[in-house]
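Let's work through this structure together, one question at a time. Have a look at it first.

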Amino acid sequence: MKTTRSYVLLLLLLVVLCSGLAANVDCWYMGWPGNHESSFNPLEVMIGEGQKLFAGSFYREADVYYHSGYYPTIFDNQEAFKTAHMAEDTGAVASHNQGDEAGFMGPPLDFFDAFNRYFIPNRHTHLDEGGPTDDLSKSGEVREILPWLKISSDLDPENVQTYVVTAYWLRTRMGKVAEGEQVLREGLRYNPNNPQLLYELGRVYFENYHDLRRARNIWEAALGSWEQQMAGKPDSVKFSFDNKFIVEQLQTHLALLEETAGNFSAAIAHLEQAKLVSPAPDRLQKQIDELKQKLAAPANVPAAAPH
Amino acid sequence: MNKIFAISNVVLLEMYRRKDFYVLFIVTALITAVMGSVTFFKDAEIVRYLKAICLFLIWASSLFIAIGATARQIPAERESRTIFPLMAKPVSRAQILLGKFLGCWLACGVALVIFYAFFGCVAAAREHQWPLANYFQAWAMHWAMLAIVVAMTLLGSLVLTAVSSNITITFIATVAILLVGRYLHKVALAMSEPSATMLTGLYYVIPHLELFDLRDLIIHDWPLVPWSVWSIALVYAAAYTALLLLLSWLVFRKKALQ
């Protein structure tokens, strides 16, 4: 009995010693200049950059849910799903999709293939349009994508699209504007001055809070940040498809904001800038012409007064 | 028929005494409860992720129960030599085989009823609806799929010497069919001969267990599968089960028991 007690005490002593030593070494390691750890999240310590792979997988899973399970696998044609549709539908992400999104499975190859399609989701639908029921009153079911987006952003806080998509659906279909704004601000904490996040934040102020002054400030800050980030970069990067898309969105939204505020000349200037990067400059020219007509009219009545 | 039921009853009683089901059910319930306690953006109506996790656990548990229990049936009888007093009774080898199959399959069915009832409660707690017909279709398809798996395991227990190798091989084969069975023909079309023909042949020979997986339809609230199509799938399962049992009997009737 005495021996057992001695062993237990000895074991306890060893546990205390080891814990003390580990705590001491940990304190030293945290202050050590050679420590490159950005966080002490156990998951990050264990799988490191591998988190991004999982994050990508969860982001994809959110898009699978957005389609109620009707989604191409690695064996199917994925051309129409290169950009997640849940992101494309926010209007804040440039689309790289092409091809037939409804018929990625192709015609049935054999009897089993045809028969199998009765037992799997077999029609292209989006949750915000009611999903398989096609009932538009059920558009709130888009909430089902949120858990996967949350996990994805937790695993890869540098993926800007995750925050943009989460915030968009929170504020537009679920009426959770404050939560949407909070998501974007969290994204900005990890990705300071990111133009895409600032663009979406500006939309929150413009479309939901109707605060034109703050929306303008945010969008102008986004443009400034974009120019700063692109300074010294070659034109191939500066005017890449994604970059041109975000600049066009910022300029056209600033133009809309100025038009709403009654500043037609400023709106025209923004549209002129947007025209330089737009894939459809004719459409923008038409808008410019309309604004010029309004500007030339004797009495310009602003559509809404700025806040 | 009475003899078959008597043997299946013994198997059912044995399964009832085993701890496998209870442990798996508690693990499923615990994991589901923990995942269900998480709320995202203060929205209590988000449910599909929970349904997906719960159904995945149910499928995994059912495969463990079906394969684990069936693989031990005949080897255990042989090892403990209880097969000899059984054979001394007026029962044929076919009846023993059918009794073992029926016992294992019924046990799986009872376990599935409990699992699906739990799933229904979890889903209803958040969705506030009971799509009972959908759940019935999913449960029946799942059970039909397990009939094929049980028959396949029974055949494996007669062909393979060790229980562990039977469990491993059957489990890998089942999971592989569930994951890629649907795409074998598509993959074969992109291959060169003779592998393309071989893979296409394999595609037509394997039991298409993935047909019976209605999880996506349940998770995403898709409408019911047409009952006529559903019935054909059940007939397909019955045909495959019969074929596998026939093969098992062909092996078992000539097998030396010592």
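Q: What covers the buried residues of α1(B)?
A: In this predicted model, the cover includes α3 and α5 (93-127) of chain B. The residues being covered are Ile4(B), Ile7(B), Ser8(B) and Val11(B).

Q: What makes Ile4(B), Ile7(B), Ser8(B) and Val11(B) count as buried?
A: A residue is called buried if 20 or more other C-beta atoms lie within 10 Å of its own. These four are the buried residues of α1(B), so each of them meets that cut-off.

Q: How do you know whether the buried residues are on the same side of α1(B) or spread around the axis?
A: Look at the arc: the buried residues cover only 95° around the axis, which puts them on the same side of α1(B). On the other side, Asn2(B), Leu13(B), Tyr16(B) and Arg17(B) are exposed.

Q: How does the span of helix α1 of chain B compare with what is expected?
A: The helix runs over residues 2-17, which is 16 residues. At 1.5 Å a residue, 22 Å is expected, and the helix reaches 23 Å from its first C-alpha to its last, so the value is close to the expected one.

Q: What makes residues of chain B and chain A count as being in contact, and how many are there?
A: Their C-beta atoms must lie within 7 Å. By that rule, 25 residues of chain B are in contact with 24 residues of chain A. The chain B side divides into 15 nonpolar, three polar and seven charged residues.

How values were computed. Residues numbered from 1 in each chain as written. Chains lettered and ligands numbered in written order. Predicted model: local features only at pLDDT ≥ 70, side-chain atom pairs only at ≥ 80, totals over all residues. Contact = placed C-beta atoms within 7 Å. Nonpolar A, V, L, I, M, F, W, Y, C, P; charged D, E, K, R; others polar. Helix = DSSP H or I, 4+ residues; strand = E, 2+ residues; numbered from the N terminus. Buried ≥ 20, exposed ≤ 12 C-beta atoms within 10 Å, placed from the backbone. Arc of directions from axis to C-beta.
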